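This report describes one protein chain and some of its local features.

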Amino acid sequence: MKKSVKATVVKVLKRIAIVSCGLLLLLFLLPILFPGQIAQSVKDFANERLDGELSFSETNLSFFSHFPSLTLTLKDFKLKGSKPYANETLVSANEIAFGINLKSLVFDSKIHIDKIFLENALMNVKVNERGEANYNVYVSDSKSESSDNSETSLKLEKIDIRHSHLVYNDQSAKMLIDAKGFNYLGKGNLDQAIFDIETEAEIDSLDFAFGGENYLKNKKVKAELITKINTNSLAFVFQHNNLKINKLPVEFTGKFDFLKNGYDLDFRIASKDSKLSDFFTALPPQYVTWLEKTKVKGRTDIALSLSGKYIASENRKPNLAFNMKIREGEIEYTNAPFPVSNIYLNFDTKLPSLDTEKLQVNLDSIYFDVGKDYFKAIVKSAGLQTPQVDARIQASMDLQKMDQAFGIENMDLKGLLKADIVSKGKYNKTQNIFPVTKGNFSLQNGSVQSIYYPTPIKDINVVAALTNGSGALKDTKLVIRPASFNFEGKPFALNASFENFEDVAYDIKAKGEIDVAKVYKVFSKKGLDLQGYIKADVAFKGKQSDATNGRYEKLNNKGTLALQNIRTTSEYFPKPFVIKQGLFVFNQDKMDFRDFTAVYGQSDFKMNGQMQNVINYVLSEKEILKGKFALEANYIDVDEFMTQATEQHKPSASDSTAVAKNGNNGIIQIPKNLDIQFTANVQKVNFDGLAMEQAKGNLTVQNGQLALKETGFNLIGTNVKFDARYQPESAATADFDFKIAAKDFDIKRAYNEVKLFREMASAAENAEGIISLDYQVAGKLDGNMQPIYPSLIGGGTLSVSKVKMMGFKMFGAVSKETNNEAIKNPDVSKVDIKTTIKNNLITIERFKFKVAGFRPRIEGQTSFDGALNLKMRLGLPPLGIIGIPMTITGTKDDPKVKLGRKSEDLEETQYQPQAQPKVQPLPEPIDPATDTTNVPEPKIPR
């Protein structure tokens, strides 16, 4: 009996050993038996099903990389995205492994990929502004038969991602997700058309930004998710999802469908009855640091939803909503004498279609105490440009106690703040509507002390009242008496009142000194620089209508305003103006400039003059500022005034408006609400490679147009007379015309130093001698301030006094064809060459000259692209009665000379104006997305 049991045990152990050895042998043999077949099948599958460039260095088939799965590992894996990101990486990894279904491999000789393993990978997902994405690389097979008979298929049961980096950058939705230390494990019947996937995910550091604002920064996330996926429609349903953002628990449900041209989404995020302290852990890092020194109590409910279709091409956007409630809240900063207690908040906001004009804000209530002080408010509004407002705000607060209780860092506040404001109604300036309002605000004995500057701004006193009893704009009244402060021992005081905002009656007095640089340092970090000094002693009193109608005797505007080292910036110019010094003297509606000096980049200015209609210009957006100035400068670099074009105008090579440059530096913009006349005297001017000296003339800025009249300057050693007109039409095109007269200038120097001459007379590269020019041209400039050649229209005369035409390939070709060396480098004198420009062609009228007894006669056309179609008659000695006809075609670099009179005409390229956004008048910003005004035809100057 014992032997029988022993024999049975030995037999079982032997069988187990044999099976184990067989399995081990199989683990070693299968990768050896099938490596080529599996690797080639996966490659073929990738080439067939992936619409993106795939590369890897080597393959490895093993059971031991991700035991017990048989996996094909690709080393140095890289997959590029789909168009328009075909040249950028979608996924890269040190290695990616594909799990092979063992049963299908052994019994069906088919390769089914059922698992994917990624480690130390970069997943770089991009979507451009038009909604085009780089992840559309998988080409599904709609034919089931093909799918069934294929030797290789993708039927996933598991996705395992470890220690990776995920970036999702969607420019159409203005959304950025950056997840570092991304770990993901997904399981489910992924081979089904509709399946559930159970997911575990951990992220060491998550950043989330929307619309350029950071909402999450360096957050640790842990998630357990159940997601239903429909592979037919590529739809995701988030059924049950628990997340933890740092310590804040969050429930996440919703759906996400990929559409052909966008998304259909319904996201709902909620955190119910959570600790208020846990909420702060999910905020940006500065709040977490603050939380370490603060005791926070209370409960909060948070709800966020984003629902609807996002289709950029149709301008369809989802609805955004956010709600937050706080109850029984308390914040106590370390060593604060009083906590912030009884914190209650009920905040609800909606943004339908992500349209700011439909913004709804409902601050149903906010309340908190600091000792006996309090703040409470109810604010409701709908709309942004013309909001409907219902607000009640009351506060009585010692700012020092509030500062200590909240633990406001980097700044100490003092002063007694009181506010009592009630406002209800609609604000619409165009319809002269203002909310019925009664508001009082005061700050007494205020002080602001920061860690960035040792001296506080102190003795801050502000008393302001805003009232409107009827809802009409004319019944609005704002009184500020006083507004004053003392800084560095220098007091500044302002008293002002404004009544009837339809016809503003103003009374303003300001006196004092402000060191802008030091005031800025109170609020700014070290290392940032803003300089400036203002000294004011002004008094303005009057009515807007009196200034408009010329009743200046009823105005009482006077005083002086001195500026030193003030930086001013504008959306219309890429660099700041620095006013080195200037004295403004006010008298009624006029403002005198006295010894006004400024710099802009390398350019410098000195102005004396006068502005008119200043008060109206300040009080109204429609009024025009008038002025006359004498402008002097040592150097002006026009290129520095280029603005960045606000629209993406990148013409293709086939576009008739194209210039062979990528991107736009920008069109110089001219504000439309200026009527300014300059008498200019500038020693040196640089414009796109033109070095002009002793520039004098009259410059007018009017109706968004710049005009130069009776202008003269020295260029390449000759005096030039120049009249011009320039008018921007959009941020990427401008209309211009000019007339230029230059007598007896060096053609070689002109070619070397004048870019426009080099482009329009490229054949003059090796010419030497003296010529004169009388020419006029009109046309368009592109976003690089370069001429759009098909748009140019003009003409004039090029007078040759004495020129040696060295190295002209055209004359070299004629010389070779006629076997006459005398024509190769001819000397030309006393010849007027008349030309006209239109449709990208330069038409040369018939002209003739003498050279070594020969009498050549030339006429025809050339193009700005360098093409030639010239007809030439070579008159033979002695009188040229007998001549040899020939045609010159090809290009200026490769001319083709043939005997005869027939040749094909050059193809004209007509300028095709494209719809361009208008340049809006100041102070309205340029909005290229809402204006499609056609560019007018260019005009010839009279």
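The text below goes from the whole chain to a helix, three paired strands and a surface patch.

The model is predicted, so local features need pLDDT of at least 70 and side-chain atom pairs count only at pLDDT 80 or more, while totals for chains, interfaces and linings use all residues. Residues are numbered from 1 along each chain as its sequence is written, and side-chain values use heavy atoms, with hydrogens and water left out.

**Whole chain**

The chain has 13 helices and 45 strands; these are DSSP runs numbered from the N terminus, with helices (H or I) of at least four residues and strands (E) of at least two. Of its 942 residues, 43% count as buried, that is, under 20% relative accessible area with a 1.4 Å probe and protein chains only, whereas exposed means over 50% and partly exposed lies in between. About 50,700 Å² is exposed by the chain, and carbon and sulfur atoms supply 53% of that area; accessible areas come from the Shrake-Rupley method with a 1.4 Å probe, and for residues only the protein chains shown count as cover. Among contacts (heavy atoms within 4.5 Å) between residues at least 6 apart in sequence, 52% join residues at least 24 apart.

**Helix α7**

Helix α7 covers residues 399–406, and its buried residues are Leu 399, Met 402, Asp 403 and Ala 405. They pack against β14, β15, β16, β18, β19 and β20. At the N-terminal end of α7, Asp 398 acts as a cap, with a side-chain oxygen 3.0 Å from the backbone nitrogen of Gln 400. Gly 407, just after α7, has a positive phi of about 70°.

**Strands β33 to β35**

Strands count as paired if DSSP finds at least two bridges between them. The two antiparallel pairings here share β34.

| Pair | Bridges | Residues facing each other |
|---|---|---|
| β33 (705–715) and β34 (718–728) | 8 bridges | Thr 711 and Phe 722 |
| β34 and β35 (734–746) | 9 bridges | Phe 722 and Ile 740 |

The hairpin of β33 and β34 has 2 residues between the strands, and Ile 716 takes a positive phi near 45° there. In the hairpin of β34 and β35, 5 residues lie between the strands.

**Surface patch**

Leu 879, Ile 881 and Ile 882 form a nonpolar surface patch with about 370 Å² of accessible area together. Patch residues have over 30% relative accessible area and no salt bridge; like charges are joined within 9 Å and nonpolar side chains (Val, Leu, Ile, Met, Phe, Trp, Tyr) within 5 Å. A salt bridge is a side-chain nitrogen of Lys or Arg within 4 Å of a carboxyl oxygen of Asp or Glu. Ile 882 lies in the loop between β41 (868–875) and β42 (883–890), and counts as exposed because its relative accessibility is 61%.

Technical notes. A polar contact is a pair of N or O atoms within 3.5 Å; within protein, one must be able to donate a hydrogen and the other to accept it, and residues adjacent in sequence count only if both atoms are side-chain atoms.
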